[in-house]
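Here is a short briefing on one protein model. Look at the sequence and the structure first, then read on.

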Amino acid sequence: MKTLNQKNKEIEKQSLEYYLNLQYPVTLYPDPERGYVAQIKDLPGCLTQGETLEQTIANINEARELWIETAYEAGDDIPLPINDDSYSGKLLVRMPKSLHRRLSETAEQEGVSLNQYIVSLLSAVT
């Protein structure tokens, strides 16, 4: 006998086609030894490699389809893609007063707002 939660999950479950048509962000980076590596961070363990960019992209698309099909058939949850809408762009940071003063003074010398100055510093680091 199925519980109410199991019945609700069945109602909420989308078709396999729905999941296969979702657009997941792909991270590509060069392999230190040769070729490229591709990863879909939203799908744990979904990564591959290839000798060319074209081959790597084809491989990650195949890996994504296999990952989704396998999870779907097993009844596992399939995470939805995370997009930039998940981030507000706002961040509250507590810092020592002396650091706040030094950053404010430097921003003033540069002729920019404190927020602009901090964003430029963070951008240079990442």
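Which residue in β3 is the bridge partner of A38? The partner is T48. The model is predicted, so to speak, by computation: local features need pLDDT of at least 70, side-chain atom pairs count only at pLDDT 80 or more, and totals for chains, interfaces and linings use all residues. Residues are numbered from 1 along each chain as its sequence is written, and side-chain values use heavy atoms, leaving out hydrogens and water.

**Sheet**
- Three strands (DSSP runs of E, at least two residues, numbered from the N terminus) make an open antiparallel sheet in the order β1-β2-β3.
- The edge strands, β1 (27–30) and β3, each pair on one side only; pairing requires at least two DSSP bridges between two strands.
- From one strand to the next, the twist averages 20°.
- Strand β2 (residues 36–39) is antiparallel to β3 and joined to it by four bridges.
- Q39 stands opposite L47 in β3.

**Faces of β3**
- In a regular strand, side chains alternate between the two faces of the sheet.
- In β3 (residues 47–50), T48 and G50 are on the covered face, while L47 and Q49 are on the uncovered one.

**Largest pocket**
- The largest pocket holds about 370 Å³ of space; a pocket is an open set of points on a 1 Å grid where a 1.4 Å probe fits, with protein on both sides within 12 Å along at least five of seven lines, and lining residues have an atom within 4 Å of a point.
- Helix α5 (residues 114–125) gives the largest share of the lining, five residues; a helix is a DSSP run of H or I, at least four residues.
- Residues lining the pocket include G89, K90 and H100.

Terms used
Buried < 20%, exposed > 50% of the residue type's maximum accessible area, 1.4 Å probe, protein only. Points joined across faces, edges and corners; volume = space filled by probe spheres on them. Axes fitted to C-alpha atoms, helices over the stretch in contact; angles between N-to-C directions.
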